Amino acid sequence: GFNQFGSSILPYLSQHGVSLASYCIAAGLCASALFAIAHPSGSCIGLSGVALSMVALDARLYPSKTIRFLVRFTPITLKAHYAVMGLLLWSVFGTIRMATGGSSGGGDDVAHAAHLGGLLYGFLMYELIERNIVLWKKKKRKTWNYSEKRTISNAFH
């Protein structure tokens with residue numbers, strides 16, 4: 001997921017001044033926050049929310065792109081738009097089912113709320129960037145001018 005979707009969204013993020021690292025950190029925080037809200041006494045570890053945020057952003061950028069994945073060992077091929085809508089529905093219903101205690105035996109061991117948080121973050125970032133409302137910008141680093149001659153006398157001026 002990270003290699004395929006990260007390399008796909010990286011040019012878009014870079015073009016708009018957003019680093020992939022800051023995107024991933026914020027996506028992880030968003031996914032973890034939604035999980036903590038839905039399951040105050042639970043805990044979750046992993047990067048699936050980050051991966052799904054990348055899938056959501058990629059699907060918004062390239063809705064006709066073909067995505068292949070496995071569901072219970074069955075290969076599925078869908079356009080990105082339909083695949084991410086299916087993931088969104090599965091995450092919404094899974095989160096509701098888990099939050100209302102509707103699953104027997106303690107659940108299906110899927111962090112639906114974290115997945116939902118990641119998907120929503122990917123959608124939100126696309127909308128913020130397209131509307132030019134980015135919350136952070138990549139800072140330009142100061143560079144040293146090596147062509148300028150340095151002497152002791154002009155070093156302190």
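**Exercise 1. Is D58 buried or exposed, and which residue forms a salt bridge with D58?**

*Step 1.* Start with the accessibility: D58 has 0% relative accessibility and therefore counts as buried (buried means under 20% relative accessible area, exposed over 50%, partly exposed in between, with a 1.4 Å probe and protein chains only).

*Step 2.* Now look for the partner. D58 forms a salt bridge with K65, and the closest N and O atoms are 3.0 Å apart. The term stands for a side-chain nitrogen of Lys or Arg within 4 Å of a carboxyl oxygen of Asp or Glu.

*Step 3.* Check the other end: K65, at 24% relative accessibility, is partly exposed.

A note before you go on: this is a predicted model, where local features need pLDDT of at least 70, side-chain atom pairs count only at pLDDT 80 or more, and totals for chains, interfaces and linings use all residues. Residues are numbered from 1 along each chain as its sequence is written, and side-chain values use heavy atoms, with hydrogens and water left out.

**Exercise 2. Find which residues are linked with E127 in a network of salt bridges.**

*Step 1.* Take R60 to begin with. Its salt bridge with E127 has the closest N and O atoms 2.6 Å apart.

*Step 2.* Place the two residues. R60 belongs to helix 3 (residues 48–61) and E127 to helix 5 (residues 112–130), so this pair ties together parts that are 67 residues apart in sequence. Helices here are DSSP runs of H or I with at least four residues, strands are runs of E with at least two, and both are numbered from the N terminus.

*Step 3.* Turn to R131, whose side chain meets that of E127 in a salt bridge at 2.2 Å, N to O. The network thus holds R60, E127 and R131.

*Step 4.* Add the accessibilities: R60 is partly exposed at 35%, E127 is partly exposed at 26%, and R131 is exposed at 54%.

**Exercise 3. Work out how strand 1 and strand 2 are joined, and what phi R72 takes in their hairpin.**

*Step 1.* Strand 1 (residues 66–71) and strand 2 (residues 74–79) run antiparallel and are joined by six bridges; strands pair if DSSP finds at least two bridges between them. Across the pairing, R68 stands opposite T77.

*Step 2.* Two residues lie between the strands, and R72 takes a positive phi near 50°. Most residues other than glycine have a negative phi.

*Step 3.* F73, also in the loop between strand 1 and strand 2, has a positive phi near 65°.

*Step 4.* Finish with exposure: R72 is exposed at 78%, and F73 is exposed at 80%.
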